[in-house]
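Thanks for coming, everyone. Let me put today's structure on the screen, and then we'll walk through it.

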Amino acid sequence: MRCLVTGGTGFLGSVLVRRLRERGHDVTVASRSRGQDVTRIRTLEPSFRDAEAVFHLAALVQSRPGPFLKVNVDGLRNVLELARRHRVARMVHVSSFTIFGPSGGGIHTEERIPERTEFFHGYDQSKYEAFRLASRWKQRLPMNTVFPTVVYGPGPMTEGNLLVRLLRRWKKLRVAALPGRGAPCWNFVYVDDVAEALVRCLDADPGENFVLGGENRTLRDLHAAFRRVSEVPIIPLGLPDGWFRAGARLEDWSARLRGISPLLVPSTAEFFLQNWRFSSGKARTHLGYSARSLEEGLSSTNRWMGS
Ligand SMILES: NC(=O)c1ccc[n+]([C@@H]2O[C@H](COP(=O)([O-])OP(=O)(O)OC[C@H]3O[C@@H](n4cnc5c(N)ncnc54)[C@H](OP(=O)(O)O)[C@@H]3O)[C@@H](O)[C@H]2O)c1
């Protein structure tokens with residue numbers, strides 16, 4: 001199939017592009033670094049001319065403030081409009097686990113997506129608005145929306161690959177600062193597993209939404225598993241919430257001084273302190289999706305990271 005991947009130069013996008021090509025698909029990539037900007041429809045239109053399937057991944061993914069609504073919502077609107085105009089046979093919209101908000105004591109599934117009015121950050125607000133926009137387009141386009149959870153693994157070290165940036169720091173400092181004393185429970189998914197599920201969406205029933213996650217594990221568990229697979233004696237440092245928030249302010253300030261992108265800033269620190277538990281049961285049933293264990297994924301990631 002002739003596939004267009006917006007955001008195909010990014011962390012998840014580059015793994016998806018590789019997988020589609022391995023399966024014999026003809027792939028075109030659209031991203032700013034290739035001359036296409038989703039906020040400028042004229043730069044995008046030529047990429048849609050022959051596209052039979054469109055995977056929309058392009059998004060502004062960063063902790064610093066930025067034009068999130070413009071890129072992630074208006075950009076999606078442009079992509080949907082072009083997909084309709086060029087009568088693409090298949091559209092896969094990559095949303096995010098963040099649109100659900102924290103799971104508290106429960107487990108999120110795609111069957112119940114909470115109405116939200118409060119957000120932590122411009123990113124999660126824009127992904128939520130983008131999801132609502134895509135939902136309104138479901139009647140007009142044969143589309144699936146997927147919600148990957150916290151994606152990690154080998155690939156470009158963009159801000160999207162947050163977990164590997166964090167693991168690198170743990171390995172270098174030999175200390176793992178654990179928010180909420182390590183109690184928050186997140187859902188971690190290996191990048192190749194998400195890419196495989198995206199390819200499988202080409203044969204899914206249009207209109208369906210899928211959570212694409214792996215295991216629900218606490219940050220304390222994540223540390224223990226990474227320490228085991230890396231065989232590096234990383235000391236866990238469970239931080240009370242107040243200390244972690246103060247650390248985020250320090251990180252923000254020090255990254256500004258060094259001119260680098262921070263791992264966290266005060267608004268994203270709030271994400272770290274929450275539970276984000278998910279079930280991918282529907283993707284398993286409908287797509288034949290399977291996700292590797294955290295230990296297996298961390299082990300491959302650690303080999304790729306080197307010493
Ligand atoms: N990483 C995760 O844990 C995670 C979890 C859930 C959902 N997601 C979603 O998965 C998608 C990919 O995320 P990622 O982690 O791969 O992020 P990423 O590495 O930052 O990739 C973002 C991609 O979007 C492109 N892009 C950004 N602004 C653009 C614009 N204005 N016009 C065209 N292209 C633009 C970037 O390329 P240029 O810089 O060259 O433009 C890059 O190819 C996003 O939609 C994200 O919300 C990610």
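**Pockets, cores and a few odd residues**

Let's start with helix α5 and the second largest pocket. α5 gives the most to the lining of that pocket, with 8 residues. Keep in mind that this is a predicted model.

Who else is involved there? Two or more residues each come from α5, from β7 (175-178) and from α8 (241-258). In total, 31 residues line the second largest pocket. Nearest its centre lie Leu166, Arg169, Trp170, Leu173 and Leu263. The volume is about 810 Å³. What is the lining made of, by class? It has 19 nonpolar, 4 polar and 8 charged residues.

Now the largest pocket. Its volume is about 1,200 Å³. The lining takes in 47 residues. Look for Leu60, Val61, Tyr123, Glu159 and Gly160, since these lie nearest the centre. Which elements supply at least two residues each to this lining? On the helix side, they are α1 (11-22), α3 (68-85), α4 (122-136), α5 and α9 (266-272). Strand β6 (150-152) does so as well. Sorted by class, the lining of the largest pocket has 23 nonpolar, 18 polar and 6 charged residues. Notice that α5 turns up again: it supplies residues to the largest pocket and to the second largest pocket.

Pockets are open. What about closed space? Here is the general idea. Rolling a probe the size of a water molecule over the atoms shows where empty space is left. How many cavities of 30 Å³ or more does a search of the whole structure find? It finds 1. The space in the largest cavity comes to about 40 Å³. Its lining is a list you can click through: His56, Ala58, Ala59, Asn72, Leu76, His93, Lys127 and Ala130. Helices α3 and α4 each supply at least two of these residues. By class, that makes 4 nonpolar, 3 polar and 1 charged.

Next, the cores. The largest nonpolar core has 39 residues. Which members touch the most others? They are Tyr152, Trp170, Phe188, Leu222 and Leu298. And which helix gives the largest share of this core? That is α5 (residues 162-173), with 5 residues. There is also a second, separate core, with 32 residues. Its members include Cys3, Val92, Ala195 and Leu198.

Let me zoom in on Leu222. Set aside its neighbours within four places in sequence. Leu222 is then in contact with Leu163, Trp170, Phe188, Leu294 and Leu298. Trp170 deserves a second look. It is among the residues that touch the most other members of the largest core. It is also one of those nearest the centre of the second largest pocket.

Step back to the whole chain. The secondary structure comes to 11 helices and 11 strands. Along its principal axes, the C-alpha trace spans about 55 × 35 × 35 Å. Is the chain compact or extended? We can reason it out. A compact globule of 307 residues would have a radius of gyration near 19 Å, and this chain has 19 Å, so the two agree. Buried residues make up 55% of the chain. Now take contacts between residues at least 6 apart in sequence. Of these, 80% join residues at least 24 apart.

Last topic: the loops. Most residues other than glycine have a negative phi. Two arginines here have a positive one. Arg87 has a phi near 50 degrees. Find Arg87 in the loop between α3 and β4 (90-94). Buried or exposed? Its relative accessible area is 73%, over the 50% cut-off, so Arg87 is exposed. The other is Arg181, with a positive phi of about 55 degrees. Arg181 sits in the loop between β7 and β8 (185-190). Its relative accessibility is 53%, so Arg181 also counts as exposed.

One glycine to finish. Gly24 is in the loop between α1 and β2 (26-30). At 59% relative accessibility, Gly24 counts as exposed. Now find Met1. Along the chain, Gly24 and Met1 are 23 residues apart. In space, their C-alpha atoms are separated by 8.0 Å.

That's my tour. Over to you for questions.

Technical notes. Residues numbered from 1 in each chain as written. Predicted model: local features only at pLDDT ≥ 70, side-chain atom pairs only at ≥ 80, totals over all residues. Heavy atoms only, no water. Core = buried A, V, L, I, M, F, W, Y, C linked by side-chain atoms within 4.5 Å. Buried < 20%, exposed > 50% of the residue type's maximum accessible area, 1.4 Å probe, protein only. Helix = DSSP H or I, 4+ residues; strand = E, 2+ residues; numbered from the N terminus. Contact = heavy atoms within 4.5 Å. 1 Å grid on protein atoms, 1.4 Å probe; cavity = no way out; pocket = protein on both sides within 12 Å on 5 of 7 lines; lining within 4 Å. Points joined across faces, edges and corners; volume = space filled by probe spheres on them. Nonpolar A, V, L, I, M, F, W, Y, C, P; charged D, E, K, R; others polar. Rg over C-alpha atoms; globule rule 2.2 N^0.38 Å.
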